[in-house]
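Open your viewer, load the chain and set it to a cartoon display. We will go from the whole fold to a few selections worth clicking on.

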Amino acid sequence: MAGIQRPYYVLIASPSTFDNGLYLNVMAGVAITKGMVLIWDLSGTYGDAGYVVTTTTTANNGAVAGVAMDDAAIGEPLRMCIAGVIEANAAATVAAADTVATHTVAGQCNDATPTAGAVLGEALTTSSGSKAIIHVKLG
């Protein structure tokens, strides 16, 4: 695919914007905005297009992949945080120290008691304005 690069990991260091962590180059399976919680697109819509991500309305989705670091239209490349600290879209119920996972609202995380493999990470701040600082640690 033109525009999609092979995945690699890079440490980002920009503490003032909360974009600290390892990222993976992926391709948007839907329109994505920075801060959206993403899952792996397992639909096969793009065939062997590489690492395709989308959003979900399923709470505690085991296909959780990370948090968008960029805006991207369908089929465009973007960076996805897979480990580190980033500002993510979050439900109003998220409080500091909560374990978070995918939410029933597409692109958001929520406080949860997720099943194994469905954890996005831990909230470092309480949700404010539909955003929270998340320590992404998938598991």
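Here is a short tour, starting with the overall picture and ending at a single cysteine.

**The whole chain.** Keep in mind that this is a predicted model. Colour by secondary structure: the chain has ten strands and zero helices. Now switch to a surface. The chain exposes about 6,400 Å², and carbon and sulfur atoms supply 56% of that area. Of its 139 residues, 45% count as buried. If you draw a contact map, look away from the diagonal: among contacts with a separation of 6 or more, 58% link residues 24 or more positions apart.

**Strand β7.** Next, select residues 99-102, which form β7. Add residues 109-111, strand β8, and you will see an antiparallel pairing with β7 over three bridges. Ala101 has Asn110 as its bridge partner in β8. Between these two strands the hairpin has six residues, and Gly107 there takes a positive phi near 85°.

Then add residues 121-123, strand β9, which runs antiparallel to β7 and is joined to it by two bridges. Click Val100 to find its bridge partner in β9, Gly121.

**Cys81.** Finally, move to residues 77-89, strand β6, where Cys81 sits. Is Cys81 buried or exposed? Its relative accessible area is 2%, so Cys81 counts as buried, the cut-off being under 20%. Show what surrounds it: leaving out residues up to four places away in sequence, Cys81 touches Leu22, Tyr23, Ala65, Gly66, Val67, Met69, Ile86 and Val136. For a last distance label, pick the C-alpha atoms of Cys81 and Gly21: they lie 6.3 Å apart in space, although the two residues are 60 apart in sequence.

Note on methods
Residues are numbered from 1 along each chain as its sequence is written. This is a predicted model: local features need pLDDT of at least 70, side-chain atom pairs count only at pLDDT 80 or more; totals for chains, interfaces and linings use all residues. Side-chain values use heavy atoms; hydrogens and water are left out. Two strands pair if DSSP finds at least two bridges between them. Helices (H or I, at least four residues) and strands (E, at least two) are DSSP runs, numbered from the N terminus. Buried means under 20% relative accessible area, exposed over 50%, partly exposed in between (1.4 Å probe, protein chains only). Contact means heavy atoms within 4.5 Å. Accessible areas come from the Shrake-Rupley method with a 1.4 Å probe; for residues, only the protein chains shown count as cover.
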